[in-house]
Each structure stands twice: as C-alpha cells, then as structure tokens.
Amino acid sequence: AAAGAPPRRLQPSQAGGGALTRARSANSCRADFDHQRALAAAGKLVEVEVDLHEELRHLEKAARLVMQEAEEAREKLRKAEHESHEKDKVLQEMLTAASPGDGVLQEELDQMRRELQFRLHFKARSFEAMQRLREQKQHIESMLEELRGSSTKVYEDKVKSAEQEAKSKAQNCQEFLQNEDRPKFRKLCEKRERAKELVEEIGRRQGKLTERYGFLAAVADCAQEERRPAEQQGLEAKRDELKKEVSDGEQDVNSLEQELKGIEEQLSNVVKPTRVNPKLLELGFKPLLDDDDVVCRLWWRISQTLVASRRSLIQVLAERNCGASDVVSPADFADAMQKLGVSGCTRAEVERLFVGLDPALSVAAGSPGPGSQPGIRAVDLALALPLQPRPRGPGQEEAQSAGQAVAWACRRRGTSE
C-alpha cells in the first residue's frame, strides 16, 4: 500500500477462520481471567476463615480466663462469708458478756445489744439460706450430669424388666391357685378370719373390764363419802388451830407497829431541819472564786458523773453516813468521788478545790480548833454544783491528743470509737 500497489483481498474462507481463532483466544483469556479471580477470592476466603478461627481461639481462651476468674471470685466470696460468719459468732459472744463502762447507761447498752443481735441473727439466717441454695444447686447439677451421661434406653430396659417380673409373679400366683396346694391357701384364709374374730373378742372384753373399773371407782367414792365426816371433823379442828395462830400473829404485828411508830417519833424529834446558805440564792453566784482551769474541770467532771449515774450528791454522801446538814471534809469528799468513779479526783486536787470555794460556803469540818479542816455542808455542796458555768473547751492540740488516746484505748479493748 505504501508502494502504491493495490491492497490484497482475503478469501472468504480465510476471513472466517481468523475470526473463529480470535473468538477462541478471547474466550480462553476470559476463562483464565475468571479462574484467576476465583482463585483470588478463594484465597481471600481461606485467609478470612483462618483469621476467624484464630479470633475464635482467642475468644475461647479469654472466655476460659474470665470463667476461671469468676470461679476464683466466687471461691473468695464463699471464704469471706464463712470468715464473716465465724466473726459474727465471736461478736455475739462478746455482746452477751459485755458490761457497761464509765458513763454508759445500762439501757443504752441493752438497746445496742438488741439491735446488733437482731442484725447478726438476720445475717446468720441469710448465710444459712445461701448455703442451702448452693447445696441445692450442686444437687441439681449432679442430677443433670447423671441424666446427660445416661440414656433413655437404660430406663426403658428397667421398665421392661419390671413388667416382666410383675407378669411372672402374677402367673405364679395363678398357678398356685390352680395347683393342688389350694386347700392350704383356704386354711390360711380361715386362720386370718379367726384372728380377726379374736381381735374383736379382745376389744369386747376390754370394754367389759373398763365398765368394771368404773363400777369399782364408784364404790370407792361411796366408801370415801362415808369416811368424810371423820375427816371433816379433823379439818375443822385444824382450821380452829390456824385461826388461833392468825389471831396471835395479828396481835404481834400490832405490837410491832406500835413500837415502830414510837421509834419514828423519836427519830423525828432527833432530826434537825437543814438550813441552806443564803449566798446560794443570789443571782449570778459562782461557787469558785478563781478561774483555775484544773479546779473548774474537776468540778465539771463531778457534775457530769453524777448526771450519768442518775444519782444525787446527797445520796452518794449518805452512803458514807453523811447527812444533808453534816459538814463534808476534803478527805471524805475525795473518797466518795473516787468510789463514784470520777476520773482524776485525788485528795490533793479536792483540797485545792475546797480552797478555791467562796469563803461564804466554807465552814470548819470536825471539832473546832487549830487542827480543824475547811469543809462545806453537804446540802450547800449539792446546790452549788449546777451554779458553776461550764469550763472552757480544750485547745486543738489537746483535743487531738485526747482523740488519739481514745482511739488507742478503743483498739486495745476491741471496741469501736
């Protein structure tokens, strides 16, 4: 064509063969391409399946770890519950043996003991219910395992064997009735009927015996009625004796009552009326002159201890044979407060307290003379206690040290703060 020659024309047969060849080559290329795509997709699916299997193994491993941790946590919980149950028992024993300390009322301790015992009882019942629930769960799991391990065929075989055994027993019974031993069976039935008749006869005879026993009891009652007049006479004699003893006792009681009235009259003549110091009736009166911190705190402790014990100072001093009008010395007052349980109430501090009192309240204790000690009347001391204002509170350092001391004391005694 470049040289100017005319183009070559192909024959029809040659043109058709070339198109067929090209179509075949195109189909083979397309099939190869599809095959490669299928292989690539299959490879990707295999990789995805491998990844999924690997992830499944990781998840199963994580699930086993979680289940193991859950089982360990449940085991720890069971151990903690058991230890708590044992400690609750010890606490119950301690509550039973607990006694009130200084400044603690018996009613408050009893109320606290009742509340704690109710909570401990409820907790013990919950623990027992949990134990029963766990035992039931274990029993159900064991039954499920047994049912999983066994098949229904075993139970069907057992049912069939039981049916065969029942059929064989029924057949043996029928053969026994049809056999020559039938008279023996009749004799057994007759003996059974005879035994029933004997039981009925025994019941009838027991009824007759009961009637005879009732008749004998009635006869005994009649005989006792005949003997009653003699017994009644004896009882009347005893009654007369008792009446005489009662009248003698009443006379003795009347004589004792008269003697008691005479003693009360003598006591009323001996007891003198108690006079109160008029200084205590003035407004704004303070028993302590100086604001001594130690003396004020001792005075306040004595007042609070009396309030906590629900007793008056007159009652406390009366136990030491000290009347309301008697003069109390520092020594006697210190002994009485120590017996009451006032903390830090030494004889030196009590003497310091009596020195700090208003001179209008102080009187001489004992016989007058150079050796007499300053004192105060019991009634004046009891009325002066609430007139002194409350002392100043402690500082921050003192409060912290006191709180630490209380905390350590509670830890040593095993009680809560």
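How many salt bridges does the structure hold? The structure holds ten salt bridges (a side-chain nitrogen of Lys or Arg within 4 Å of a carboxyl oxygen of Asp or Glu). This is a predicted model, in which local features need pLDDT of at least 70, side-chain atom pairs count only at pLDDT 80 or more, and totals for chains, interfaces and linings use all residues. Residues are numbered from 1 along each chain as its sequence is written, and side-chain values use heavy atoms, with hydrogens and water left out.

**Salt bridges**
- Arginine 74 pairs with glutamate 71, the closest N and O atoms being 2.9 Å apart.
- Arginine 78 pairs with glutamate 75, with the closest N and O atoms 2.6 Å apart.
- Arginine 347 in helix H8 and aspartate 335 in helix H7 (helices are DSSP runs of H or I, at least four residues, numbered from the N terminus) are twelve residues apart, and their salt bridge has its closest N and O atoms at 3.4 Å.
- Salt bridges that share partners join Glu71, Arg74, Glu75 and Arg78 into one network.

**Nonpolar core**
- The largest nonpolar core (buried Ala, Val, Leu, Ile, Met, Phe, Trp, Tyr and Cys residues, under 20% relative accessible area with a 1.4 Å probe and protein chains only, joined through side-chain atoms within 4.5 Å) has 31 residues.
- Helix H5 (293-309) gives this core its largest share, six residues.
- Not counting residues up to four places away in sequence, tryptophan 299 touches eight-listed partners including Pro287, Leu353 and Gln388 (heavy atoms within 4.5 Å).

Note on methods
Buried means under 20% relative accessible area, exposed over 50%, partly exposed in between (1.4 Å probe, protein chains only). Helices (H or I, at least four residues) and strands (E, at least two) are DSSP runs, numbered from the N terminus.
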